[in-house]
Amino acid sequence: MASALLLVVVFVFDLVAFACAVAAEQRRNTAEVITQEDYKYCKYDSDVATGLGAGAFVALMASQILIMVASRCLCCGKAMRPSGSRTWAIVLFITCWVFFFIAEVCLLAGSVRNAYHTKYYLSSDPNLSCRQLRKGVFGAGAAFVVLTGIVSELYYVSYSRANDGQSSYNRDTGVRMGNL
C-alpha cells in the first residue's frame with residue numbers, strides 16, 4: 001500500500017515548486033535603456049525571479065528524491081511481481097524522469113538567464129536593447145512541474161501496487177528444464 005504521508009509530502013513539495021515557478025514567471029527582470037550624456041546603459045529592476053526559480057528547482061528536486069528513495073528508484077530492491085501495475089510503474093518511471101529533466105532544465109536555465117545582467121554600454125547606437133529572459137521559460141517549467149508531480153505520484157502508487165503481497169508471491173517464474 002502506498003504511503004499516504006509520503007504522497008502528501010511530495011504533493012506539498014510539488015505545490016511549492018509550482019507556486020515558485022509561477023511567481024518567478026510573474027517577477028521576471030525587466031530593463032529599460034537609460035541615456036546619460038553620451039552613453040547608454042541598461043537599468044534592471046529587482047532580481048526576485050532568480051531566487052524563486054532556484055527555490056522551485058530545489059523543491060522539485062526534493063520531491064523527486066523522496067519518491068525515488070521510497071521506491072528504491074525502481075531498479076534496486078526486490079523484483080516486482082508480474083502484473084499490469086508493474087508495466088505502468090515502468091512506463092510512469094521513465095515518463096517521470098523525462099518530465100523532471102525538462103522541468104529542471106527550464107527552471108535552471110530561467111534562473112541563470114534571469115540573473116544575467118548586461119553591463120554598461122558605452123554606445124551611441126540608437127537601437128540598444130537590453131537582454132532579458134524570454135517570456136514563458138518559468139511558465140514552461142511550472143507546467144512540467146505539474147506533470148512531474150502527477151506522473152511521479154502515479155508512479156509511486158503503481159509501484160506500491162506491484163509490490164503488494166510480495167511476500168505471499170512465491171511462484172517461480174523461471175523456465176523449467178526438467179521436461180526437456
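**A walk through the helices**

Let's start with a single residue: F93 counts as buried, at 15% relative accessibility. Before I go further, please keep in mind that this is a predicted model.

So who does F93 pair with? F93 and W97 form an aromatic pair. If you are new to this, a pair of aromatic rings is described by the distance of the centres and the angle of the planes. For F93 and W97, the centres are 6.5 Å apart and the planes are at 70°, which makes the pair edge-to-face. Why might these two be placed to meet? They sit four residues apart in helix α3, residues 84-115, so about one helical turn separates them. Here is the background: an α-helix has 3.6 residues a turn, so residues three or four places apart point the same way. The partner, W97, is partly exposed, with 33% relative accessibility.

The count of aromatic pairs comes to five. Ring pairs also link F93 and W97 with F100, Y155 and Y159 into a cluster.

Two members of that cluster bring us to our next stop, Q64. You'll find Q64 in helix α2, residues 48-70. Is Q64 buried or exposed? It is buried, with a relative accessible area of 3%. Setting aside neighbours within four places in sequence, Q64 is in contact with W97 and F100, and also with C96, T148 and S152.

Now over to helix α1, which covers residues 4-26. This helix has 23 residues and reaches 33 Å from its first C-alpha to its last, close to the 33 Å expected. Its buried residues include L6, L7, V10, A17 and C20, and the charged D14 and E25 are on the list too. What do the buried residues of α1 pack against? They pack against α2, α3 and α4, the last being residues 137-163.

Let's compare how those two charged residues are placed. E25 is buried, with a relative accessible area of 13%. E25 forms a salt bridge with R28, and their closest N and O atoms are 3.5 Å apart. The count of salt bridges comes to one.

D14 is buried yet has no salt bridge. How far away is the nearest side chain of opposite charge? That is R161, and it is 18 Å away. As for what D14 does touch, not counting residues up to four places away in sequence, the list is L60, S63, V145, G149, S152 and E153. You may remember S152, because we met it among the contacts of Q64 as well.

Thanks for listening, everyone!

Notes. Residues numbered from 1 in each chain as written. Predicted model: local features only at pLDDT ≥ 70, side-chain atom pairs only at ≥ 80, totals over all residues. Heavy atoms only, no water. Helix = DSSP H or I, 4+ residues; strand = E, 2+ residues; numbered from the N terminus. Buried < 20%, exposed > 50% of the residue type's maximum accessible area, 1.4 Å probe, protein only. Contact = heavy atoms within 4.5 Å. Phe/Tyr/Trp six-rings, centres within 6.5 Å; stacked < 30°, edge-to-face > 60°. Salt bridge = Lys/Arg side-chain N within 4 Å of Asp/Glu carboxyl O. Expected span 1.5 Å × (residues − 1).
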